[in-house]
Every structure is written in C-alpha cells, then in structure tokens.
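Hi everyone, thanks for making the time today. I'd like to walk you through one structure, so let me put it up on the screen.

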Amino acid sequence: MAGTSLTLARRSPIRDGRRVAHGWTPLSWRDRDVRQQPAYPDPDALAAATRELAAYPGLVSLSEMDALHQALGEAQMRRAFLLQGGDCAESFAEFSPETIRAGHTLMDAMASLLARATGVPVIRLARLAGQFAKPRSTDPEVRGDARLPAYRGDIVNGIAFDRAARTPDPERMFRAYGQATATLSHLRSLSRASGKPIYTSHEALLLDYEAALVRIENGRAFSSAAHFLWIGDRTRFPGSAHVEFARGLANPVGIKCGPSLEPEALIAMLEALDPEREPGRVTLIIRMGADLIDHRLPPLIRAVRALGRPVLWSCDPMHGNTIKSASGYKTRALERIMAETRRFFEICTAEGAIPGGMHLEMTGQDVTECTGGLVPVMEENLGDRYHTHCDPRLNAGQALELAALVGGLARQTVQEA
Ligand code: PEP
Ligand code: CO
C-alpha cells in the first residue's frame, strides 16, 4: 500500500505549492504507538484489500471539505453553530433508506430549531456514512469459558458471539465502503431537497482503511472517506498513531477530550495537529460526564486560551454518562445528558470560551436505548426496541428535547456576546 500512496502522490499535480506536513505519509502512523486495531489473521488479505481500496474513488471532495473547514471557523467566532450527530456505530443490519431518511429528518428538525433560537446558520455534520469502527475497553470478550475477539464494528467483524463472526475480515471494508457511498449519496439527495448542505464524519479509528482512502490533490493530502474525522478518547495520547495520521490531513479534525486528558497533552496535540493555527482546523469534543465536567473542563479552557489557540468547543454529553442498567443494558439518562450540556455552556461562558457545537448519538428510529424524556423511556422498557450495535442513542423525541434546551442555552450566549 505504501507503493500505491507514493504513486498517487507522484501522479498528483502540485499546483499551488502546498505540500504535505513534514515527515508525514499516509503510513507514517505505523512508526508510532498503534492502539485499538484488530488482529487480522491474514496480513496478505489485508494488504490486498487496502491496495484495492486505494484505487477506488473518494467519497468526498476537497472543495466540500474546505467549505466545512471554513464554516467551523465561523462557529469558533459565534457566527455559526455545529450540530454533529448520528449513530454510535452504523451497522450493516440497520442499513435502509428509511433509516437514513429518518436520521436526516431528525437532524433537519434539530438544525432548524437551533437556527431559529440562535439566529446563526447551523452546520449539519452527520455521524454517518463511515462510522463503522469501534474502540473497545476490553478485548478479548469472555463469556463463561469462551474467549473471543471483541466486536470492533461491522467494518471489522460481526457482533454475534461466535468464532466465525468475530474473526476480523478485511473483506468487510468493501461492504462498509459501499454502504458509506450509498448513504452519502442518499443524504445528498435529501439535503438538496432541503437546500442545506450536509457533511459527514466518523472516528478515524481503523487506520489501514483510513490510510487507503487518503487522496492527494494539488499537493494536499486529505481523507476522502469523510469531510471531518475525529480522534477518539482512547487513541488521543502522546505518541499516538492516530494523532500522527490526522496530522497530515487537510480535513478539519476533532479530538475527543475525556476526563483523563491533561492540559499539557492537549496543547502538545494542538501543536502537532494545527501548527499554523488555522481557524476551523480543530474541534475539541468535550466528553467529561456530568460529574467531572466542573473539575476537568476549566483547566483545558485556560490552557488553550492562555496560548490564544483557535479551537471550536463542542459538547458530547453522551460518552461520559454511560451506565449499566439493573437489567444489564448499557444506557444513559437524558437528565444526566442535559445536566452535562447545561454545565458545558455555563463553564465555557464563565471561562471566556465560545460554546459552539454539540456532538450526539441519536437516531430517527423510535428506539428505547436512553432513559427519560417527555414521553419517558423507563428502565424496564429498555429491552423493547434496543437496536444499537454499540452505545445507546437518543430517540427522535429525546433528541428534539435536548435541541430545545441547547437552543435556549446557545441563544443566551449569543445575546451575552
Ligand atoms: C464514540 O464517539 O462512539 C466513542 C467511542 O467516543 P469516545 O472516544 O469519546 O469514548
Ligand atoms: Co459511542
């Protein structure tokens, strides 16, 4: 695959003189600390798959990506607001036009509500059309006497707890690529009807796949897999392969900021990812949990502000508030999600940062995965329609309720400015 990337680079005309970041190649991450990758049993099959993918057309264009980059810069200045949301993990099983349409309708409704409340344009960034790979806290998974590789998302292996399903299979990358392509195409036609652009994003986790979708145009390397990529909380440590990979991409990038992130480590990542201090380049996705945000967020804001670094502050009130219900379901209470969201806005405002975005796991389907809401999902009903392949998502009603809260909070910050 290294050969393919170099071939791409040689073929690409360098018109504007811009070059890729110093010392970076689509595969330079291999020399760093690589975590959260599957153990493919057949390295030759993996190499063959990524070689083939490297020759496929990209999903997104450089010009669309630049438009998003610029819009995120506007959000940093309070002139736009970011709404990023979708599945925790897309699955092959839930792939249908109805699911995509319901997700689009929900995002549209939330974005309209937020735009009316704030008076600024809302950036629609779907967590979709490529969100297939999942990091895991424990691997292997043990049930009774059986030990099998953990499920790492449909792009890697199957969710069923049997040896055949759980064995990582590079052929799954093609199905993920195909589903992402069709999802994006459907989203595009829906967004043309509504007259508002929609952008796509996912966690850049499965590095062999991500590297195969890097394209080089006009001397600029970018991920053609999505407009926006983020680095997960488990892969954003000093020396990380994932930070190295993202460093060389022209895409706007996100960093998940969980409670273990120290200000020094954050600053080091910002220096690596954004040496030119470009507006719109980095979005910090804060996911501390309602209990820890008061303690962990202020030092990060102070460190970033002390250096005058431009970042977009966004709130993920989902991932720090995951619990296990008495009946064994992974769930989240809407109340806790709302509590963290409120504190995010209050802390940003008190510390002189602009709260400019939300990052949510949600679906247009009427699922029972998170508890609470005006038409409440009770703990005992979680089993009714619990469909997620990973973390619990807000259903449409819960997501709209949260959007109403965010609209109020964001309007206040716009008025105070
Ligand atoms: C996710 O966004 O699904 C996720 C795994 O988040 P985090 O990296 O913040 O834990
Ligand atoms: Co998740």
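Let's start with the pocket: ligand 1 sits in the largest one. Please keep in mind as we go that this is a predicted model.

So what surrounds ligand 1? Going along the chain, the shell begins with Cys 88, Arg 127, Lys 134 and Pro 135. Then come Gly 232, Asp 233 and Arg 234, followed by Lys 256 and Arg 287. His 319, Glu 361 and Asp 391 complete the set. Sorted by character, that shell has eight charged residues, two polar and two nonpolar.

Now for the polar contacts with ligand 1. Arg 287 places a polar side-chain atom 2.6 Å from one of the ligand's oxygen atoms. For Lys 256, a polar side-chain atom is 2.8 Å from an oxygen of ligand 1. And His 319 has a side-chain N or O atom 2.9 Å from a ligand 1 oxygen. How much of ligand 1 does the protein cover? On its own the ligand has 300 Å² of accessible area, and the protein covers 97% of that.

Hold on to His 319, please, as we turn to the metal. Which residues coordinate the cobalt ion, ligand 2? The donors are Cys 88 through SG, His 319 through NE2, Glu 361 through OE and Asp 391 through OD, at 2.0 to 2.4 Å. You may recall these four names from the shell around ligand 1. Along the chain, the cobalt donors are spaced as C-x230-H-x41-E-x29-D. Take the pair His 319 and Asp 391: these residues are 72 apart and link distant parts of the chain. His 319 is in the loop between strands E11 (312-315) and E12 (323-324), while Asp 391 is in the loop between strand E14 (355-361) and helix H12 (396-416).

Finally, two backbone details for the geometry fans. Most peptide bonds are trans, and most residues other than glycine have a negative phi. Asp 139 and Pro 140, however, are joined by a cis peptide bond, with omega about 5 degrees. Pro 140 belongs to the loop between strand E2 (122-127) and strand E3 (141-143). Gln 36 has a positive phi, near 65 degrees, and is found in the loop between helix H1 (2-11) and helix H2 (43-54).

Thanks for listening, and I'm happy to take questions.

Terms used: Residues are numbered from 1 along each chain as its sequence is written. Chains are lettered from A and ligands numbered from 1 in the order in which they are written. This is a predicted model: local features need pLDDT of at least 70, side-chain atom pairs count only at pLDDT 80 or more; totals for chains, interfaces and linings use all residues. Side-chain values use heavy atoms; hydrogens and water are left out. A residue is near a molecule or strand if one of its heavy atoms lies within 4 Å of it. A polar contact is a pair of N or O atoms within 3.5 Å; within protein, one must be able to donate a hydrogen and the other to accept it, and residues adjacent in sequence count only if both atoms are side-chain atoms. Accessible areas come from the Shrake-Rupley method with a 1.4 Å probe; for residues, only the protein chains shown count as cover. On a 1 Å grid over the protein atoms alone, a cavity is a set of points where a 1.4 Å probe fits but cannot get out, and a pocket is an open set with protein on both sides within 12 Å along at least five of seven lines; lining residues have an atom within 4 Å of a point. A molecule sits in a cavity or pocket if more than half of its atoms lie within 2 Å of its grid points. Ala, Val, Leu, Ile, Met, Phe, Trp, Tyr, Cys and Pro count as nonpolar, Asp, Glu, Lys and Arg as charged, and the others, Gly among them, as polar. Donors are N, O and S atoms within 2.8 Å of the metal (3.2 Å for Na, K and Ca); water is not among the atoms, so sites may look incomplete. Helices (H or I, at least four residues) and strands (E, at least two) are DSSP runs, numbered from the N terminus.
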